[in-house]
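Let's take a friendly walk through the inside of this protein, from one buried side chain to the space around it and on to the core.

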Amino acid sequence: MDAQPAGSAGARSSTSDLNVALRECMAALDLFLNNKFSDALASLQAKTKDSMYHALTYATILEMQAMMTFDPQDILNAGNTMKEAQATCQRFRKKSTVADSINNLVHRQSLEHFTEEEIHAEICYAECLLQRAALTFLQDENMVSFIKGGIKVRNSYQTYRELDSLIQSPHYVKGENHLHFEGGVKLGVGAFNLTLSMFPARILRLLEFVGFSGNKEHGLLQLQEGASSYSFRSVLCTMLLLCYHTFMTFVLGTGKGNVEEAEKLLKPYLARYPKGAIFLFFAGRIETLKGNIDAAVHRYEECCEAQQYWKQFHHMCYWELMWCFTYKRQWKMAFFYADLLSKENTWSKATYIYMKAAYLSMFGPDDCSPFGDSEVELFRIVPSLKLKIAGKSLPTEKFAIRKARRYLSSNPIPLPVPPLEMMYIWNGYAVIGKCPNLTEGMLETLNEAEEALARSSATELLADDRCVIKLLKGLCFKHLGKISEAEDHFNYIYLNEKKIKYDHYLIPNALLELAILYLDQDRREEAIKLLEKAKQNYKNYSMETRTHFRIQAALHQAKSAPENGMHCGASAVS
């Protein structure tokens with residue numbers, strides 16, 4: 001394919017425009033990564049209606065802000081701007097698009113007549129669709145909005161698939177900006193393969209990717225290749241890989257992220273942008289996952305000091321600092337950051353107030369309550385703070401509200417270890433598992449809570465509270481290498497299933513944790529049976545979608561060939 005017909009003055013002019021646009025947009029990204037956020041946006045804004053790359057870059061920066069802050073207003077702004085960028089890209093597309101060509105089964109002939117600019121318009125358009133899909137997931141972890149937008153997702157997927165085939169075609173002639181185009185293909189193909197490989201089967205069915213699953217290994221390879229090339233999209237490939245290894249594998253997986261790979265990816269960016277807030281944040285997250293909690297705290301503090309313009313970004317650091325002090329059982333410091341978040345951030349007031357009350361519940365009898373806050377009163381206002389983003393409630397918020405409801409009675413039964421239970425929801429035990437001293441400390445706190453529960457009079461919630469502690473103790477035992485004790489604790493929950501009154505999420509999660517324990521011992525068949533039971537036999541419980549993501553990650557691990565770790569029978573996008 002000749003992407004730029006020889007002798008065409010129009011094509012030469014469009015290539016020149018493309019060169020200038022890419023150069024200016026890469027300069028804007030450089031400003032952004034140097035914490036010069038307003039300068040970056042200002043340098044792009046004037047051309048967002050006339051240049052697809054300026055429009056895409058402007059919207060991408062707003063999306064990165066939204067993804068890092070979870071701020072509802074940031075999410076809304078990013079979504080609207082990405083929609084406008086998509087409209088700008090549409091103007092540069094050939095009338096007969098790649099997607100149309102596929103549908104008409106004549107894409108081979110049609111692609112021969114695409115100029116380089118039109119090929120870049122296709123990749124930019126597909127990227128707008130992809131990023132809009134990512135925003136819908138950020139708004140709604142339960143995937144309702146994502147599924148409703150399934151046609152956009154499939155159009156984007158189909159375009160990336162065809163453009164990847166185009167690059168492999170012997171008829172394709174590389175244009176002057178081929179590296180940037182190829183980087184875009186690798187970003188899209190990599191993102192689709194990686195994220196689809198994580199999706200539970202029921203969500204893939206709803207998206208009508210019948211019989212298709214993303215290939216995790218192929219996705220990682222594409223993104224690694226995209227990250228290592230010098231192109232407009234190399235930093236986006238890097239950021240996605242960093243998010244995957246340091247967050248997605250923990251929040252939506254089994255905590256098996258490749259921290260060494262994340263460190264390797266981050267190193268050149270930290271060298272180039274030593275005060276870059278985004279990279280300091282990831283440096284903090286990597287230290288957390290390595291179990292270096294004090295070093296992580298230092299990185300997050302450094303990140304906050306690095307810039308003052310983007311205040312919402314400080315809130316991401318506050319969230320991580322809250323958990324760092326939770327791991328260290330420094331309840332007053334954890335309370336301090338939950339309090340800051342409740343006053344400064346709008347993502348989920350209900351969750352932040354719940355965490356404030358949760359930390360207060362861990363204070364000793366001689367500890368003074370900061371600001372005179374009452375644990376019971378704070379729990380009681382949590383349900384009234386429910387927020388909807390794009391018409392949907394946040395799963396974490398729903399969980400906090402359900403747990404706080406017991407405090408609405410005149411004589412409430414206290415939650416036994418609320419911050420340690422929420423820590424499980426965010427897979428914090430996989431983090432402290434690398435530090436025996438932190439895990440032993442957490443086990444000590446759980447033993448004290450269990451003893452207090454045994455001393456108190458029996459209530460209708462006794463089985464629920466006992467099973468919460470059993471689950472968390474089981475995780476501590478697992479990470480301390482006490483396998484039989486861990487197994488007994490997870491089995492206890494399953495055997496007492498009928499006694500649990502409200503916390504039904506405990507049963508599938510106990511089966512999941514027992515399956516992961518078996519996987520670590522190479523008891524694969526037993527693990528798969530437990531995972532299938534957890535997946536098929538339980539529904540309508542708290543944090544269900546997140547649990548299904550974790551089950552999918554464990555199934556992927558269980559069904560991977562032990563000799564090479566490749567995903568058996570997976571189809572790749574390309």
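## A buried arginine and its surroundings

Arginine 546 sits in helix 29. Keep in mind that the model is predicted. With a relative accessible area of 3%, under the 20% cut-off, arginine 546 counts as buried. What does the side chain of arginine 546 reach at 3.3 Å? The partner is the backbone oxygen of isoleucine 425.

Both residues also belong to the lining of a cavity: Arg546 and Ile425 are joined there by Tyr424, Asn509, Met543, Thr547 and Arg550. This is the second largest cavity, with a volume of about 40 Å³, and the model has 2 cavities of 30 Å³ or more. Helix 22 (418-425) and helix 29 (544-559) are the elements that each give two or more residues to the lining of the second largest cavity. Helix 29 has the largest share, 3 residues.

Here is the lining of the second largest cavity by class:

| Class | Lining of the second largest cavity |
|---|---|
| Nonpolar | 3 residues |
| Polar | 2 residues |
| Charged | 2 residues |

Tyr424, one of the lining residues, leads us on to the core, since tyrosine 429 touches Tyr424. Beyond four places in sequence, tyrosine 429 also touches Leu420, Met423, Met442, Leu472, Leu475, Cys476 and His479.

Tyr429 is among the residues with the most contacts inside the largest nonpolar core, along with Tyr53, Phe279 and Trp323. That core has 196 residues, and helix 7 (residues 116-139) gives the largest share of them, 12 residues.

Terms used: Residues numbered from 1 in each chain as written. Predicted model: local features only at pLDDT ≥ 70, side-chain atom pairs only at ≥ 80, totals over all residues. Heavy atoms only, no water. Core = buried A, V, L, I, M, F, W, Y, C linked by side-chain atoms within 4.5 Å. Buried < 20%, exposed > 50% of the residue type's maximum accessible area, 1.4 Å probe, protein only. Helix = DSSP H or I, 4+ residues; strand = E, 2+ residues; numbered from the N terminus. Contact = heavy atoms within 4.5 Å. 1 Å grid on protein atoms, 1.4 Å probe; cavity = no way out; pocket = protein on both sides within 12 Å on 5 of 7 lines; lining within 4 Å. Points joined across faces, edges and corners; volume = space filled by probe spheres on them. Nonpolar A, V, L, I, M, F, W, Y, C, P; charged D, E, K, R; others polar. Polar contact = N/O pair within 3.5 Å; in protein donor to acceptor, adjacent residues only side chain to side chain.
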